[in-house]
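Got your viewer open? Keep the selection box handy, because we're going for a walk through a protein chain.

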Amino acid sequence: MAEWNAYYRNEDDEEEQEEGELSGGDYKITGRDSLVFLVDASKEMFIKGEDGQPSNFDMTMQVVRTVYTSKIISSHRDLVALVFYGTEQSKNPTNSFKHVYVYHDLDEPGAKRVQEVDALRGEKGAQLAAETMGSGETSLGDALWCCANLYSDVKLRLSHKRLMLFTCRDEPHRGDSAKDRQARTKASDLKETGVIIDLMHLMKPGGFNVGPFFRDIISPPEDESELGLQMKPCDKLEDLQKRVRAKELKKRAMARLNLCLGEGINVAVGIYATAVTARKPAPIRLYRETNEPVRSKTRIFHTQTGSLLLPSEIKKAMTYGKKQIVMEKDEVDAIRKFEDPGLFLIGFKPMEALERHHHIRPAVFLYPEEGEVKGSACLFSALMTKCSEKNVFALCRCIARRNLSPRFVALVPQKEQVDEGKVQITPPGFNVIYLPYADDMRTLDTPQCPSASQTQVDKMKEIVAKLRFKYRSDAFENPVIQQHYRNLEALALDMMAPEDTEDLIMPKVDQIDRRLGPLVEEFKDLVYPDGYNPESKPAAKRKTADAGGAAEKKPKVELGEDALKAHLQNGTLGKLTVPVLKEACKQFGVQTTGTRKQELIDALTAQMSHLIPAQ
């Protein structure tokens, strides 16, 4: 019979699960994500930028390589393909499309593919691309048709299909209306099958005009949070990587709930994790002989009969009042259930009522789900706007999943922010702050310590002001995890040594010293006495017995010849302590075979008997 506590999960485990992206929500993965890179291989893509900047083709290959490696680490079951168009050579499944070169078909990324993409980078990569594919005529319609065949040839179920088009030519067909019409038709066919087409346009002399041709090719944003078409082309690798990263991942909700604003007024919302703690992947057990993953299976047997127990035969029990209470699993579920999952509005409070110490666990993000309840986005946006204008937060009761205890949460409004390239930095919505219960609040007795003087406080304020900087969580990578993946990458790609990992957590001592200047010495003079070195270890002082510490070590007690003679004559050696007997043996050169008290007495008696006067 299972113990009662075995059924209840630890609350820390629940919090750790809710930090994950797909932990226990209503969303179920019904297929694999797929991504096709459609890259222009025309001569214009290989022209180097100004001041030694890499070519558009080289930038694209670096981005493709980054996505390949990130897919291997985060979601290795996703499918990725790499297709070039505008090539002189042709290579595709049926070879029916001219000037289309399928470099990688839709399959899981691996070490070999990363190595092949690495070979296309730099000057040697441009030379290899010219020898392998070359540059020829362009037919974007045939390229899109070929990509559609790649999707149709996949036998697996795909949950999310995306195509990214990299080019620096705003008129790929140079005014050929027939080819333009064919490309628009094939793009429309792709979009009808659920493929999302994104344009990653690159910088070219004279600028890139999106309007005439590509506005009809790309897909519209999926929702208001989706990044729309960017009019400004990418001229730097960082900008291109940022745009690809924003489009690459499919947003998945941890849970989809109803936000009840009143009787009969429900808004469909989704809970998302905007930031998740990076962890090392769990180890996979492999069978020694075949090197295949080992799957563990748990079965429960009866302790007396040894028969296999079915889930319906397992009861829940706990001891209360020296009596074992047995309950069915359904009864335990009914006890744990407080209410159906959802968010229930209690009221509004000013932002000043939300203290910093109320943040007890990582916050999540709330965003409307227009597909669940029509009109949710409009009502959600109105609620967020009014809360932001009045500087208040919404107080709600939240039950994220079935059989979870209710929590009080604060919905803090957040407005949308975009950077210079119109890339979204922060999305519009509500930050969900989990509030503590009264039992979580404790009063601590702070120890009484000497307080600093106002002069010392002012000097430390100057130091803090000099060292202040704008903190961004994405600017600091975990060096342990980075080194872990560098080592795996070196093993997979047969590299001689892993790439060096820069520890961004370590303080920049030289830069800190330049910023502070003489402030450190001034602070030392105010706080520490003259000649004090904080880096030197202070000498440990022995406490005296009067001060409440241990008693001082007693000096050695030497036993004279007359005293030893008296003890031998009277037979009172047993009254002496073991250290005194040891010291006497050492003093008179008595050899002993042991260290016990009786052995020391016997040795002294046998070898020093000449000191005893004859009777």
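The tour begins with the whole chain and then goes from stop to stop.

**Before you click**

What you see is a predicted model, in which local features need pLDDT of at least 70, side-chain atom pairs count only at pLDDT 80 or more, and totals for chains, interfaces and linings use all residues. Residues are numbered from 1 along each chain as its sequence is written, and side-chain values use heavy atoms, with hydrogens and water left out.

**Stop 1: the whole chain**

Show everything as a cartoon. There are 17 helices and 17 strands in the chain; helices (H or I, at least four residues) and strands (E, at least two) are DSSP runs, numbered from the N terminus. Of the 615 residues, 36% count as buried. Buried means under 20% relative accessible area, exposed means over 50%, and partly exposed is in between (1.4 Å probe, protein chains only).

Switch on the surface next. About 39700 Å² of the chain is exposed, and carbon and sulfur atoms supply 51% of that. These areas come from the Shrake-Rupley method with a 1.4 Å probe, and for residues only the protein chains shown count as cover.

Now think about contacts, meaning heavy atoms within 4.5 Å. Among contacts with a separation of 6 or more, 69% are between residues 24 or more positions apart.

**Stop 2: a five-stranded sheet**

In what order do the strands of the open sheet of 5 strands lie? The order is 4-3-2-5-6, with mixed pairing. Two strands pair if DSSP finds at least two bridges between them. Select 100–107 (strand 4) and 195–201 (strand 6): these stand at the edges with a single partner strand each, so one side of each has no neighbour in the sheet. From one strand to the next, the twist averages 15°.

Now walk across the sheet:

- Strand 4 and strand 3 (79–85) run antiparallel, joined by 5 bridges. Click Val80 and you'll find Asp107 of strand 4 opposite.
- Strand 3 and strand 2 (32–40) are parallel, with 7 bridges. Val39 faces Phe84 in strand 3.
- Strand 2 and strand 5 run parallel, with 8 bridges. Look for Leu35 opposite Arg162.
- Strand 5 and strand 6 are parallel too, over 7 bridges. Here Phe166 stands opposite Met200.

Colour by burial while you're here. Strand 5 (158–167) has 9 of its 10 residues buried, and strand 4 has 6 of its 8 buried.

**Stop 3: the helix on the sheet**

Select 111–118, which is helix 4; this helix packs on the sheet, where strand 3 and strand 4 are the strands touched. The helix direction makes about 155° with that of strand 4. (Axes are lines fitted to C-alpha atoms, for helices over the stretch in contact, and angles run from 0 to 180 degrees between N-to-C directions.)

Which residues of helix 4 are buried? Show Arg113, Val114 and Val117 as sticks: those are buried. They cover an arc of only 100° around the axis, which puts them on the same side of helix 4; the arc is that of the directions from the helix axis to the C-beta atoms. An α-helix has 3.6 residues a turn, so residues three or four places apart point the same way. The buried residues of helix 4 pack against helix 3 (56–74), strand 3 and strand 4.

**Stop 4: an enclosed strand**

Jump to 364–368, strand 12. All 5 of the 5 residues are buried, so strand 12 is largely enclosed by the rest of the structure. Val364, Leu366 and Pro368 point one way, while Phe365 and Tyr367 point the other.

Next, add 265–272, strand 8, which pairs antiparallel with strand 12 over 4 bridges; Tyr272 stands opposite Phe365. Then add 429–434, strand 17, which also runs antiparallel to strand 12, with 3 bridges. Val364 has Val432 as its bridge partner there.

**Stop 5: cysteines and a loop**

Select the cysteines. A disulfide here is a pair of cysteine sulfur atoms within 2.5 Å, and the count is 0. Why does Cys146 have no bond? The closest cysteine sulfur, in Cys147, is 5.8 Å away, too far for a bond. Cys146 is buried at 1% relative accessibility.

Finish at Pro212, in the loop between strand 6 and helix 8 (237–248). Pro212 is partly exposed, at 44% relative accessibility. Draw a line from its C-alpha atom to that of Asp170: the two residues are 42 apart along the chain, and those atoms are separated by 8.0 Å.
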